[in-house]
Amino acid sequence: MSPSVPLQEMIRAIRSARTQCEERGVIQRECAAIRAQFRQADNGGRSHNLAKLLYVHMLGYPAHFGQMECVRMIASPRYSEKRVGYLGAMMLLDEKQDASLLITNSIKNDLSNSNQYIQSLALCTLACMGSAEMCRDLAPEIDRLLRASNSYIKKKAALCAVHIVRKVHDLGELFTKAARSLLTEKNHGVVHGAVVLITELCERNSETLERFRKTVPDLVQIMKGLVISGYSPDHDVAGISDPFLQVRILRLLRILGRNNEGASDAMNDLLAQVATNTDSTKTVGNAVLYETVLTVLDIKSESGLRVLAVNILGRFLLNNDRNIRYIAMTSLQKIVGTDHNAVQRHRGTIVDCLKDQDASVKRRALDLSLALVSASNIRSMMKELLSFLSSCPPELRSQTASGIFNAAERYAPSQRWHIDTILHVLTTAGGDVRDETVPNLIQLITNTSELHCYTVHKLYRALLSDISQQPLVQVACWCIGEYGDLLLRGECQETEPVQVTEDDVLDVLETVLQSHMSFPSTRGFALTATMKLSTRITENVDRIRSIVSIYGSCIDVELQQRAVEYNALFKKYDHMRAAVLERMPVIEKNSQGHINGETIKESQTVKVKPGEPQQPANQVCDLLDLLGGSEQPLQPSPALGSTAPPMPVSTANTVGGDLLDLLGGLEPTPITPVATVTVYEKDGVTVTLSCEKQSDSGLTVTLTASNSTESDIRGFTLQAAVPKSVQLHMKAPSGDSLPARGAAKVTQMVVLNNPNKVNLKMRLRISYTSQGSAVQDTVQIDSFPGLGQ
Amino acid sequence: MQFMLLFSRQGKLRLQKWYVPLSDKERKKISRDLVQTILARKPKMCSFLEWRDLKIVYKRYASLYFCCAVEDQDNELITLEIIHRYVELLDKYFGSVCELDIIFNFEKAYFILDEFLLGGEAQETSKKNVLKAIEQADLLQEVHSVLLQFSAL
């Protein structure tokens, strides 16, 4: 093996350059020399020059001027030049370059060369960087080579075919037959190539998959041969015979056995044999076991085999090698949904992996731990998760926080525990939680009225120590505003009460207001809280008044608006202040979409004096979002967005009128009516009703209107009223015009909630305009079909 | 396999084999970022990592890092074996291979890789056969260059 001296000298020269600048100089000189040489006629050193250029390219310097030289070298009859030429093509050309097309012809010629090493160069290059056009051009050649050549070429042709199929899916058909026959060869390389090719064909085309299922027995046979056979020096790796081939066969079996009982049965014994006999002391044995486990878990295996597979994963979890533990957790993640109990058995080990040094292992352990949380282990798991949160790497924090919230929501053993957990997360990782955490927590707090005192004490203490975590500060301000009186009372059953004065509380809120760390939204919370305290404290109302008036000239428009309105509340509408700032009612858990829409419901705690001062009340309503309907429809305030907590306005109140103005809700989602009954028929206008029970107390009613007269009807609206304890939510109608002669219908969905199970009645008011005149009518519905009363 | 990179502890690339079509600029960027990520890892850490949307398998042999990017369905443990097999091949060919061998004979390292992997997949699972093929190819090259010298005379 003669060293290419010029090349090595150049490399030595480059390496001895002491600075980047010197190196650049050497390289520039060499490149110039190389360029000059390329331009010269054919000389003996062409391959050396190209090799030098490739070295330079690897260091990161531009080498595009060598592309044409590659093309020329590939066409040369000399093997040494071809070799370097093809290497250059693979390094410098990619399918996006135009020059790559130029070598197609050379490759074609070389594929039919009598020398197998030249054929091999062509095959290698085609498989590495062949573009779709090149593949289409040369596919028939490859097919020919798959059938009629020696094993050295056959194995390469098989992998070349794999590349072709990946680039041009349709050409898969071409290779199917050849692939099948290659399986019977003795040469391991050829069989390996055939298995890879068949895998690729089956993954792309389900028909091909069906056809290749017949090969399962052959594959099983080959595997058995590998597993049982004695020591074969050629292919042995640490006692395993040809692990590369074994792994590929197992992978193919997985694809063939998926969702197919017959194929899965045929491989059951083999998989059991491999799983039990493979030596797992070295990585190579574990590689085979890993692939076996993946296959067992993916096909329709019998339960005994599945248990065996999960046990292998369990053993992996205890392995000293970190890689194996990582692999085990990845696999367990895939089956935690289906074989939950089996995975639960290893929960202890998995939780231990949370403390591993490696970030990848930690991530896997986190995913798996969150999936394993259940009602029975929630307390201990949460302890682990919370301690993980305080020490976990920053990129995992928000995932951990949301995981903890989800788990807490589903399995919280008690309200207090739930609130404690959320507070813990907010104090540790407050910056990484999602936005909806704040309203969710507030909703949770309002729902646990017995813990208001405890909660406000805890939050006050948290606020004293740290005001940088925005979600925590926001919730704390809200609570202090709402339950400040409990704080000031100085007694608490659940926890050590604080002895504070009103000034102290106001100090804390003012600190938040003035702190540069507070977001504008947080400031909004603090200002509102301060305002609410004006009705809950006795002595320092003046201080509050002055705070509020200061912010009347704040630069932040949102704060300014609030302050100005609160000022107004102090001055002109002082008589209303107590009522407006009363305790909030329990907020109901609601999904995102229900922003508006009114309900007829007995008011719980908030009363509104109807009549004159509607204006400021509406303004205040928009901001505080406390009050729902009055006689006027409430427009959803656009400023709701980020400033006020988006509290759903489902708890509203009314003076108890029969009919309400209705707001459109969401897009109507028509449901197929179960049983339809006509409730109104007059003057050609028909309204039918059908209903569907959604839950124990929930009911969805669909009203359908049609018009059988000769003229169109416009402005068709329906209004509904139900008994006091029933909640009603009308969705937007599909339209408001009924074309003549029943050409189209209008549907409207009404969602009812009847928690007290009263006798359900509905009064329907129908209004429309027909032929220029307005018509209004009322009908009472006393029985609902399908309700079974 | 999508690509294989060999680089030194200082981050210098010693070999790069790409099996997916990417422009030079993209390749440079990926190499740079990946090399930095791997060099930042501590010695005892896991050999596998998820980087961008790829699965990366890497192993350090003396002063060289061998790094492969594989697809989702690929078996990571067998990829480690593939890396190990390649190192064994280099070792057999050069006789106790070290980084300098790969630097000064980089084109040979590529030729050996191309006899072992094709299109990103292993083509020959027997060490002996790979080395035999390389030997024959080298011989062919010798013969041709001898002929060349004779014809130049």
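How many helices and strands are there in chain A? Select chain A and colour it by secondary structure: there are 34 helices and ten strands. Keep in mind throughout that this is a predicted model.

**Chain A as a whole**

With chain A still selected, switch on the surface. About 34,000 Å² of chain A is exposed, and carbon and sulfur atoms supply 49% of that area. Of its 789 residues, 56% count as buried. Now consider the contacts between residues 6 or more positions apart in chain A: 66% of them are between residues 24 or more positions apart.

Next, select residues 435–581 of chain A, which form domain 1, and then residues 676–781, which form domain 2. Give each domain its own colour. The C-alpha centres of these two domains of chain A lie 45 Å apart.

**A stop on helix H32**

Select residues 557–571 of chain A. This is helix H32, and A:Gln561 lies in it. Is A:Gln561 buried, partly exposed or exposed? Its relative accessibility is 37%, so A:Gln561 counts as partly exposed; the class runs between the limits of 20% and 50%. Add A:Tyr551 to the selection and draw a line between the two C-alpha atoms. A:Gln561 and A:Tyr551 are ten residues apart in sequence, and the line should read 8.9 Å.

**A loop in domain 2**

Move to strands S3 (676–682) and S4 (685–693) of chain A. A:Asp683 sits in the loop between them. The phi angle of A:Asp683 is near 55°, which is a positive value in a residue other than glycine. A:Asp683 counts as exposed because its relative accessible area is 55%, and the class begins over 50%.

**Chain B**

Hide chain A and show chain B, which has five helices and seven strands. Follow the sequence of chain B from its start and the elements come in the order β-β-α-β-β-β-α-α-α-β-β-α. The C-alpha trace of chain B spans about 55 × 30 × 30 Å along its principal axes.

Of the 153 residues in chain B, 61% count as buried. Chain B exposes about 6,500 Å², with 53% of this supplied by carbon and sulfur atoms. Where contacts in chain B join residues at least 6 apart in sequence, 47% join residues at least 24 apart. Colour the charged side chains next: chain B has 22 positive and 22 negative charges, and the mean positions of the two sets are 7 Å apart.

Then find strands S4 (54–61) and S5 (64–70) of chain B, with B:Ala62 in the loop between them. B:Ala62 is not a glycine, yet its phi is positive, at about 55°. Is B:Ala62 buried or exposed? With a relative accessibility of 64%, B:Ala62 counts as exposed.

**The nonpolar cores**

Show both chains again. The largest nonpolar core has 261 residues, and A:Ile142 and B:Tyr86 have the most contacts inside it. The largest share of this core, eleven residues, comes from helix H28 (residues 470–489) of chain A. A second, separate core has 30 residues, among them A:Val685, A:Cys691, A:Leu728 and A:Ile766.

For the last stop, centre the view on B:Tyr86. Which residues does B:Tyr86 touch, not counting those up to four places away in sequence? They are B:Met4, B:Leu6, B:Leu15, B:Phe66, B:Ala109, B:Ile112, B:Leu113 and B:Phe116.

Note on methods:
Residues are numbered from 1 along each chain as its sequence is written. Chains are lettered from A and ligands numbered from 1 in the order in which they are written. This is a predicted model: local features need pLDDT of at least 70, side-chain atom pairs count only at pLDDT 80 or more; totals for chains, interfaces and linings use all residues. Side-chain values use heavy atoms; hydrogens and water are left out. Helices (H or I, at least four residues) and strands (E, at least two) are DSSP runs, numbered from the N terminus. Buried means under 20% relative accessible area, exposed over 50%, partly exposed in between (1.4 Å probe, protein chains only). Contact means heavy atoms within 4.5 Å. Accessible areas come from the Shrake-Rupley method with a 1.4 Å probe; for residues, only the protein chains shown count as cover. Lys and Arg count as positive and Asp and Glu as negative; His and the chain ends are not counted. The place of a charge is taken as NZ of Lys, CZ of Arg, CG of Asp or CD of Glu. Domain bounds come from an automatic or database domain assignment. A nonpolar core is a set of buried Ala, Val, Leu, Ile, Met, Phe, Trp, Tyr and Cys residues joined through side-chain atoms within 4.5 Å.
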